[in-house]
Each structure stands twice: as C-alpha cells, then as structure tokens.
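Take a moment to look over the chain below, turning it slowly as you go. Then let us walk through it together.

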Amino acid sequence: MKKEIHPDYHEINIVCTDGSTFKTRSTWGKEGDTMTLDVDPLSHPVWTGGNQRLVDTAGQVSRFNKRFADFGIK
C-alpha cells in the first residue's frame, strides 16, 4: 500500500440516545473523541418498528418462497 494516503484509524467513544456508551475504531474525529448519536437502534423507526414489516403484505413472502423453492430456501 502507498504510504500516507490512508486516513488515521483510531479509537473513539460512542454515546447512544439512552446514554449507553461503547468504544469503536473509526476515521471520524481524533483519538478519544466522543460521537453522540441522534439516531440508533433504540430511537429510529427502521429498528423500533421494523419487526412489524415482516407481515406477508399482498403475498410478497409467499411469492418469493414459491419462486425460489427449487433453491432449497424455506
């Protein structure tokens, strides 16, 4: 790899909307910076309401299963 073309990869702190924290590695900010999330799995509708979307709407799941039954998908 070429020298000095890659961003600095370092450890930062993440604070979720419920106040919980964890550490991860990122190119964002500087070593030890804290990223406060506005959207996370506890507050965003994609995660909080996503389980209800698994309902077979208009037979979509049934059509998928029928179409790909020969591939061994159950």
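Where does Gly 29 lie? Gly 29 sits in the loop between E2 and strand E3 (34-36). Keep in mind from the start that this is a predicted model. With a relative accessible area of 40%, Gly 29 is partly exposed. Its C-alpha atom and that of Tyr 9 are separated by 9.6 Å, and the two residues are 20 apart along the chain.

**The overall picture**

The protein chain contains two helices and three strands. Following the sequence from its beginning, you meet them in the pattern β-β-β-α-α. The chain has 74 residues, and buried residues make up 8% of them. Its accessible surface comes to about 6600 Å², with 55% belonging to carbon and sulfur atoms. Now consider contacts in the chain between residues at least 6 apart in sequence: 6% of these join residues at least 24 apart.

**How confident is the prediction?**

The mean pLDDT of the protein chain is 81, and 77% of the residues reach 70 or more. Confidence is highest in E1, at a mean of 96, and lowest in helix H1 (residues 45-48), at 63. Where pLDDT is low, the predicted coordinates should not be read in detail.

**The hairpin**

Strands E1 and E2 run antiparallel and are joined by six bridges. Together they form a hairpin, with five residues between the two strands. Gly 19, in the turn, has a positive phi of about 95°. If you would like a place to begin tracing the pairing, try His 10, which stands opposite Ser 26 in E2. In a regular strand the side chains alternate between the two faces of the sheet.

How many salt bridges are there? The count comes to one salt bridge. This salt bridge is formed by Lys 23 and Glu 11, whose closest N and O atoms are 3.8 Å apart. Lys 23 lies in strand E2 (residues 21-26) and Glu 11 in strand E1 (residues 10-15), so the pair ties together parts that are twelve residues apart in sequence. Are these two partners buried or exposed? Lys 23 counts as exposed, because its relative accessibility is 55% and the cut-off for exposed is over 50%. Glu 11 counts as partly exposed, at 33% relative accessibility.

**The aromatic rings**

Next, look for the phenylalanine rings. The count comes to two aromatic pairs, and here they are side by side:

| Aromatic pair | Centre to centre | Angle between planes | Arrangement |
|---|---|---|---|
| Phe 64 and Phe 68 | 4.8 Å | 50° | tilted |
| Phe 68 and Phe 71 | 5.8 Å | 40° | tilted |

Why does the pair of Phe 68 and Phe 71 count as tilted? Its planes are at 40°, and planes under 30 degrees apart would count as stacked and those over 60 as edge-to-face, so this pair belongs with the rest, the tilted ones. Ring pairs link Phe 64, Phe 68 and Phe 71 into a cluster.

How do the members of this cluster meet the surface? Phe 64 is partly exposed, with a relative accessible area of 42%. Phe 68 is partly exposed too, with a relative accessible area of 26%. Phe 71, at 64% relative accessibility, counts as exposed.

Methods:
Residues numbered from 1 in each chain as written. Predicted model: local features only at pLDDT ≥ 70, side-chain atom pairs only at ≥ 80, totals over all residues. Heavy atoms only, no water. Helix = DSSP H or I, 4+ residues; strand = E, 2+ residues; numbered from the N terminus. Buried < 20%, exposed > 50% of the residue type's maximum accessible area, 1.4 Å probe, protein only. Contact = heavy atoms within 4.5 Å. Areas by Shrake-Rupley, 256 points an atom, 1.4 Å probe, with all protein chains shown as cover. Salt bridge = Lys/Arg side-chain N within 4 Å of Asp/Glu carboxyl O. pLDDT = per-residue confidence, 0-100. Pairing = 2+ DSSP bridges. Phe/Tyr/Trp six-rings, centres within 6.5 Å; stacked < 30°, edge-to-face > 60°.
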